[in-house]
Amino acid sequence: MKFLHLPKLLLTAFAFLIFCNPLFSQKLDPKGRNSFKPDHIIKSEITNKDYLIHMSFPKNYSILDSITYPVLYVLDGKSTYGYFDSSYIDFEKIEDVILVGISHKANGLESRINRFNDYTPYRDTITDKRIEKKFGLEKGTIKTGGAFKFLECLKKEIIPFIDKYYKTNTDRGISGHSLGGLFTSYCFSNSDNYFTRFGINSPSFQLNEEIFLEPAIVKFTNNKTWDIEPTKVFISTGENESPMMVSNMIKFSLYLKKSDYENIDVNWRIYRNESHTSVIPFSLNGTLTTLYGKK
């Protein structure tokens, strides 16, 4: 090798490293988006389902600077995306954060079937049969217990896509309502520090009460320490939701609060006069102001 060629080789290698590094890769500019359409549709090879992605960005977000942002992943984004604006959320009180709504592309009954599969931590044949009977479905249509696969889809497909094309950092949160709240509590109870902020809203603990809720409470009671990164948790429900949903949410919250883990900041709230549906914008705002509130 001729040493005269060394500077040129070094320059080539440096350029290669820059353009191969995700930090320097081409980021997408959110300007000019059609707010009525999803920003992306991601087909998962892990769950074999299509997911819609709806996004909201901080006011000063720009691809021309090097600022990166935390991300809150919000389940059922198709129905909650309408609340991603200042009329429902007091953005002046929260840190700059990217909101990523995730929902199933399927509509109607198929969407319900997908939610029961993706958001439930364990297979529950009793629930399967009850839901099939409620909606007049054939036996075997509802299959709960797909949360492990959906979480894998988030970690290996959806979130890497968002990280590749947008200015994110590793400060990740996840929030869900109803079945989404159950899934979020599953992510929290099995935390591996991938997410460190959790919005557990109107969680459907009644579906996996004996095989998820009770073991979680035993864990909070028996484990005096929990070796995870500093974590924030917000738990909520509406006052006028089903008595079982309210009582289970209170039980989960009280036992977690009582455990007094040094590295876990827990807050919970019951919204007065709100139902399972009407509480959604309030619980989303509560999630954001609690998990990302300015100091």
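Leaving aside neighbours within four places in sequence, Ser-191 touches two residues, Phe-198 and Ile-228. This serine of the predicted model is a convenient place to begin. Ser-191 belongs to the loop that joins α6, residues 179-189, to β6, residues 197-201. With a relative accessible area of 14%, Ser-191 counts as buried, because the cut-off for that class is under 20%. The side chain of Ser-191 also reaches a backbone atom within the loop region: the nitrogen of Asn-193 lies 3.2 Å away.

A second residue, Ala-216, is part of helix α7, which covers residues 209-222. Is Ala-216 buried or exposed? Its relative accessible area is 5%, and since buried means under 20%, Ala-216 is buried. Once neighbours within four places in sequence are set aside, Ala-216 is in contact with Ser-189 and Phe-252. Along the chain, Ala-216 and Phe-252 are 36 residues apart, yet their C-alpha atoms are separated by 7.9 Å.

The helix that precedes the loop of Ser-191 can now be considered together with another helix. Two packed helices are described by the angle between their axes and by the distance between those axes. For α5, residues 147-165, and α6, the axes come within 11 Å and cross at roughly 75°. Helix α5 is therefore roughly perpendicular to α6, as angles from 65 to 115 degrees are placed in that class. Which residues of the two helices meet? On the α5 side they are Ala-147, Phe-148, Phe-150, Leu-151 and Leu-154, and on the α6 side Phe-183, Tyr-186 and Cys-187. Sorted by class, this contact has eight nonpolar residues, with no polar and no charged ones.

Helix α9 offers a further example. It runs over residues 280-291, twelve in number. From its first C-alpha to its last, α9 reaches 16 Å, close to the 16 Å expected at 1.5 Å a residue. The buried residues of α9 are Ile-280, Pro-281, Ser-283, Leu-284, Gly-286, Thr-287, Leu-288 and Leu-291. In reading such a list, it is useful to know that an α-helix has 3.6 residues a turn, so residues three or four places apart point the same way.

Finally, the chain may be viewed as a whole. The protein chain contains nine helices and eight strands. Of its 295 residues, 49% are buried. Among contacts in the chain with a separation of 6 or more, 76% come from residues 24 or more positions apart.

Note on methods
Residues numbered from 1 in each chain as written. Predicted model: local features only at pLDDT ≥ 70, side-chain atom pairs only at ≥ 80, totals over all residues. Heavy atoms only, no water. Helix = DSSP H or I, 4+ residues; strand = E, 2+ residues; numbered from the N terminus. Buried < 20%, exposed > 50% of the residue type's maximum accessible area, 1.4 Å probe, protein only. Polar contact = N/O pair within 3.5 Å; in protein donor to acceptor, adjacent residues only side chain to side chain. Contact = heavy atoms within 4.5 Å. Axes fitted to C-alpha atoms, helices over the stretch in contact; angles between N-to-C directions. Parallel < 35°, antiparallel > 145°, perpendicular 65-115°, else oblique. Nonpolar A, V, L, I, M, F, W, Y, C, P; charged D, E, K, R; others polar. Expected span 1.5 Å × (residues − 1).
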